[in-house]
Number of protein chains: 4
Amino acid sequence: MAGSSFGKLFKITTWGESHGKAIGVVVDGCPAGLPLCEEDIQIFLNRRKPGQSKFTTPRKESDTVEILSGVFEGKTTGTPISMVVWNEDQRSRDYGDIATYYRPGHADYPFDEKYGFRDYRGGGRSSGRETIGRVAAGAIAVKLLNEMGIDFLTYSESIGPVSIDKSRFSVNEIYNNSLYMPDAVAAASAASYLEELIAEKNSCGGVIYCEVTGLPVGLGEPVFDKIDANLAKAMFSIGSVKGFEIGDGFDVARATGLENNDAFCVADSCTTSSSKGRIAKATNHSGGTLGGMTDSAPLTMRVAIKPTPSIASVQKTVNKDGEEIEIAIKGRHDPIIVPRAVVVVEAMAAITILDAVLENMGSRMDKILEFYK
Amino acid sequence: MAGSSFGKLFKITTWGESHGKAIGVVVDGCPAGLPLCEEDIQIFLNRRKPGQSKFTTPRKESDTVEILSGVFEGKTTGTPISMVVWNEDQRSRDYGDIATYYRPGHADYPFDEKYGFRDYRGGGRSSGRETIGRVAAGAIAVKLLNEMGIDFLTYSESIGPVSIDKSRFSVNEIYNNSLYMPDAVAAASAASYLEELIAEKNSCGGVIYCEVTGLPVGLGEPVFDKIDANLAKAMFSIGSVKGFEIGDGFDVARATGLENNDAFCVADSCTTSSSKGRIAKATNHSGGTLGGMTDSAPLTMRVAIKPTPSIASVQKTVNKDGEEIEIAIKGRHDPIIVPRAVVVVEAMAAITILDAVLENMGSRMDKILEFYK
Amino acid sequence: MAGSSFGKLFKITTWGESHGKAIGVVVDGCPAGLPLCEEDIQIFLNRRKPGQSKFTTPRKESDTVEILSGVFEGKTTGTPISMVVWNEDQRSRDYGDIATYYRPGHADYPFDEKYGFRDYRGGGRSSGRETIGRVAAGAIAVKLLNEMGIDFLTYSESIGPVSIDKSRFSVNEIYNNSLYMPDAVAAASAASYLEELIAEKNSCGGVIYCEVTGLPVGLGEPVFDKIDANLAKAMFSIGSVKGFEIGDGFDVARATGLENNDAFCVADSCTTSSSKGRIAKATNHSGGTLGGMTDSAPLTMRVAIKPTPSIASVQKTVNKDGEEIEIAIKGRHDPIIVPRAVVVVEAMAAITILDAVLENMGSRMDKILEFYK
Amino acid sequence: MAGSSFGKLFKITTWGESHGKAIGVVVDGCPAGLPLCEEDIQIFLNRRKPGQSKFTTPRKESDTVEILSGVFEGKTTGTPISMVVWNEDQRSRDYGDIATYYRPGHADYPFDEKYGFRDYRGGGRSSGRETIGRVAAGAIAVKLLNEMGIDFLTYSESIGPVSIDKSRFSVNEIYNNSLYMPDAVAAASAASYLEELIAEKNSCGGVIYCEVTGLPVGLGEPVFDKIDANLAKAMFSIGSVKGFEIGDGFDVARATGLENNDAFCVADSCTTSSSKGRIAKATNHSGGTLGGMTDSAPLTMRVAIKPTPSIASVQKTVNKDGEEIEIAIKGRHDPIIVPRAVVVVEAMAAITILDAVLENMGSRMDKILEFYK
């Protein structure tokens, strides 16, 4: 499993199991001189913390972050930033059941086949708690990118069958409801739907939207390390993600070239532009990338999240002895992952973009000579 | 642009521009002892070759592959396999026009911003011809995986508004029409639609479907290098891809947990199973992965391809002097990329899976001791 | 500084500063099923712990390791193993002096130029304490390799002008003296020399020897990832290393081909052989590698370590204001790094070899088919 | 053998066997805008070309390079630069002998064990011809670094027992003799020695020295990616290298701290300085690095090369049937590799340093903000 690292120049390595001692991350390659304190990280972790509404697991965790290295006198030093969150809720409990069978929708079976056995306490390494490390690292990336004028807007676009109505869109509303939806009416409707699901011992999925503005033109490398490709990997590395779109996404399959091509225009005359360049685009079907590089328009992405697989309803499965059995998973789980995954999507987007920002610096001879003169 | 390599153990590096001398690929990390000849590669390249129907560019290229290294006495030696395809159709032509402005939907503008200038002959490095290297490498990966009992089925699922009807599904039909659709009626309908588009100087997109069967359980690494994540990157690294789904994809956002969870069953009693394991799944909403690892069911993926951006209709854009102008791109281009991209999708899937096959070998102490005893 | 990771499949990431909260390492890619507990690690850490003899810094540190993840019910799970050692001796002290000038032989000046400022408490990231993470990771690698029958022998070959005499070589003696020399007479002589140096406020260097036996033939990849090349990087990544040799090292420059070539022989007839293969070598000038791959004979290496740069004698340097000044570094420091670096060399060798063991598994088609059948 | 690539941002991938169709390299990550033509590469290749003196193999090869991609209108475009040299001297010959046994000092035996068989024509992938790709890539790196004011001086320091005398050192002499020695008297003496060896059907080794001046301070990453560590890997990845030193190398093992520490001084007052910084060093025992980063002084390195293993004298070995036999290798081979390896050492040094130049650009927040403002 040498797959716990992500990024090339701004590189994160996460570690930890849901019911082990702690969860953590090492951030390597963070530029020196960024003002940073634990509160900067904590604000982000609080956005994914459990126990904040009736739609999240009641597991009691303060998820308090501790920075162990890489920051000195309030600034990053350029050395690895090690961050840890101690698991508080590791109380001894009876895992006997889930140790003996394979939960549908979970990684239990492939884990056993791949490694010969597994840490059967909770989700182990495949738990949503693994994303704590991503969010902590992402908080640093967002802070650094903000200083460059790059901003993120991320929210729940739909929950189950309930989608936001763009005519009611309100940025302020996002943090005003526990579902992180930018539409109060949709949020209320989604909340009702979720209460029904809880009563039915069921769960649902949804879609997260992320938009990044203020980007320099030309970030991303044109072939395999397209900014699109690295974002796709970033998002699909989040557990429960089953779909990813940039710009118009699957709608392009039905569009024509005339509809889908974005006309270029002079930046000053384009009202839609958030571009830093002299040229902008009149529309943004491409979602801010052309040929794998940022194209002056905002990056826009959509991520599809599957329903929480842990449900209390009766399900069919197989146990370790190879017998078909019926199970009902105990305990109360989040009926929806989407709201808590919003900040994870933002974190992964920021980590990916910061990496592209750093790699792009060596693209041109003239700029290298200028840098080192 | 240190982004021309893909893969960790089975690693490919592509090079070449559409109007340079040649296009090629170096495949590093191919296991020794695989029977291989140029014809094995050529069969795959012929599936993406231009000039095969009225829906592909009439550019004259035989796309004949030459193996320059890494094969000895008919077998791979374990050393890098270098393959080259010479560009035949590089005749001097007037590129003056496209050198001076930015084509909508193309990478021209970000290229100029990132690198200071660009090779303006055709698509340069962003041309579809770059995928020749991927297909050549993918042919090797498919051949090796076939020997392990892993098989690929890839086709056009929809072209513009025309989707296949599963009741008419026929594997044999795929290679029977120039659109690689497994439904003769849909293929005919799509062909009519494309002829209209050609007349209108327009183009369209579509969706490619890929399914992989016969996979061992447990391929993929559970966190960032999930098989899903690496496939997502692989697909989004193909030019013109705007969406990617595994299994039910975006439909999971509307499903409930009860609907979406796949029940496990004993393999012998599961008619749906292509599993090599003792356990299988009754359904396959997950698309063959759980926790980032193969789960016994076939891997199923969908890729959304945008309409060809090169269209002959009049479009608005900006030239290098920063003036807004109107253009009409000369020459005849593919009105649709989808059919020729089918084999590219298959190639990238195979390259990704072979890499996971190799990395997975070091997962367990008992198997390592057995290997080296 | 995205350079805190080492290895490709068995990958370690170290973090921490000498006077920060803690020092640690994340080991990713460790195969599942290896029995492991903290005591296995502690034995190795104790070999580099300070305060064990008059030749090491009296800094009080128990260097007690804590495993935070990746081990369950006494065995590795295949997930990242996070280990931490808390810095106990962080007492507030006056660093005012060393914050204002550049110590000769230390990284202070390049750190300031590269990052704009530095953590001036002790060596910061460049402290020898960084090697705690390497040793903890190396303990795991050695344990795993031992189970495969691969063994390590590492010791101080010379200290300053005092070299061991092979006629007095005794493996047992290595752990019998605080200098880790396999020759009691040389150890006594070196101890006298070091006492003189302490009196003179001076320090010295030395050479560490490492030998690895029981290796399968063919480990290492023939071009850039030669086992020699990866070992060379591993060793030169240790602070204070200025030279590295494999086999006869610099002596080959004066040898002839007839002298330097090792004749092959049938393993049964070779008394010198530790080979697992059917063929062995009559001599081992090559140090166990040919063409970058293990060749049946033991790997033999030598590492040159420079004198401790922190000395109490008066030295000339420049301060941050650009003025030439004279300094005398306060506190007592190790007059020699060599004995404590012995286990660091062994750790880095083991990490490198384990990575090669894992990568080698995918070299041959026949073995892959056998593995997955 | 996924080990045919070197470098992180400036990345090279070599391919080809000594008796295959061609030898080549793909250079990925070269910044755009560097003036480049085939003649720039050819000058470097000519320094390693065979058949130039009586001390090199008479194999007839013009080693003419062809650039296949990545250069447009005389400048690099930022896309991969693919270069090829066709093998001219592939005439059918009788390899029957060397196919059946294992040549001492060669990679034949480990190759067979690792891969199951090998390309037995000449050295295959382990041939010195593999370095053609390195030299071609290195020529680009040197040209780029020269434009930054970074210069290389590389020569043969000793051949067998004959070392240069520094009192006779002459830069001009290096290219004046076929052994690339900067001392005419030593070159003549070495030539006599080599003639004796040829008569005796024997060969010898030597030492190559490389010095790099004009470096910015702070190149290299402080832990595993120290500039020293990456150079060590670069050099040990060259076939036949058995030892590597930076600065005083193995001599530090006998030095004291007072002798070995380099005092810092104000650059203007240091006659020895080639530093671009405000501070320099009075001496350069460290060889230009401190803590893994360039320290203002020139980088100085020494590489030990073993004697050519192909000798015509009778040697003992084992054949594929496991029988002990006596052999005498036919054909005439270089009695010394050193002179032709001089340019390979320079190439690998330049590739390593350029990679560090690019990675270093993202080290500081203030410089990133300045770059993107």
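**Chains B and C**

I looked for salt bridges between chain B and chain C, and the count is zero. The model is a predicted one, and side-chain atom pairs count only at pLDDT 80 or more. I then turned to polar contacts across the interface of chain B and chain C, and the rule finds eight residue pairs, both residues at pLDDT 80 or more.

Next I listed the elements that give two or more residues to the side of chain B that touches chain C: α4 (131-147), α8 (338-359) and α9 (365-372) of chain B. The largest share of that side, six residues, comes from α9(B).

I noted the extent of the contact as 26 residues of chain B with 26 residues of chain C. About 2,300 Å² is buried between chain B and chain C, and carbon and sulfur atoms give 74% of that area. I asked which residues of chain B lose the most area to chain C. They are M361(B), M365(B) and Y372(B), together 32% of what that side buries.

**Chains A and B**

I ran the same queries on chain A and chain B. Here 112 residues from chain A and 112 residues from chain B take part in the contact. The buried area is about 8,500 Å², with 61% from carbon and sulfur atoms. In chain A, the residues that lose the most area to chain B are K114(A), F224(A) and K242(A), which together make up 11% of what that side buries.

I found six salt bridges between chain A and chain B. One of the entries I noted is a salt bridge between the side chains of E221(A) and K114(B), at 3.0 Å from N to O. For polar contacts between chain A and chain B, I got 47 residue pairs, both residues at pLDDT 80 or more. Helix α3 of chain A (residues 108-115) gives the largest share of the side of chain A that touches chain B, seven residues.

**Helix α3 of chain A**

I checked how far α3(A) is covered. Seven of its eight residues are buried, so α3(A) is largely enclosed by the rest of the structure. The buried residues are D108(A), Y109(A), P110(A), F111(A), D112(A), K114(A) and Y115(A). I looked up what these buried residues pack against, and found β12 (264-266), β13 (279-281), β14 (289-290) and β15 (293-294) of chain B. After α3(A) comes G116(A), and I recorded its phi as positive, near 90°.

**Aromatic rings**

I counted aromatic pairs over all chains and got 48. I opened the pair of F264(A) and Y109(B): the ring centres are 5.6 Å apart and the planes stand at 70°, so the pair is edge-to-face, for which the planes must be over 60 degrees apart. F264(A) lies in strand β12 (residues 264-266) of chain A and Y109(B) in helix α3 (residues 108-115) of chain B, so this pair joins two chains.

I asked whether these two residues are buried or exposed. F264(A) is buried, with a relative accessible area of 2%. Y109(B) is buried too, at 0%. I also noted that Y102(A), Y109(A) and F264(B) form one aromatic cluster.

**Charges over rings**

I looked for charged side chains over rings. In chain A, R47(A) lies over the face of F44(A), at 5.3 Å from the ring centre. In chain D, I found the charged end of R47(D) over the ring of F44(D), 5.3 Å from its centre.

Terms used
Residues are numbered from 1 along each chain as its sequence is written. Chains are lettered from A and ligands numbered from 1 in the order in which they are written. Side-chain values use heavy atoms; hydrogens and water are left out. Rings of Phe, Tyr and Trp (its six-membered ring) pair if their centres lie within 6.5 Å; planes under 30 degrees apart count as stacked, over 60 as edge-to-face and the rest as tilted. Helices (H or I, at least four residues) and strands (E, at least two) are DSSP runs, numbered from the N terminus. Buried means under 20% relative accessible area, exposed over 50%, partly exposed in between (1.4 Å probe, protein chains only). A charge sits over a ring if NZ of Lys or CZ of Arg is within 6 Å of the ring centre and within 35 degrees of the ring normal. Contact means heavy atoms within 4.5 Å. Buried area is the accessible area (1.4 Å probe) that two parts lose on being put together, summed over both. A salt bridge is a side-chain nitrogen of Lys or Arg within 4 Å of a carboxyl oxygen of Asp or Glu. A polar contact is a pair of N or O atoms within 3.5 Å; within protein, one must be able to donate a hydrogen and the other to accept it, and residues adjacent in sequence count only if both atoms are side-chain atoms.
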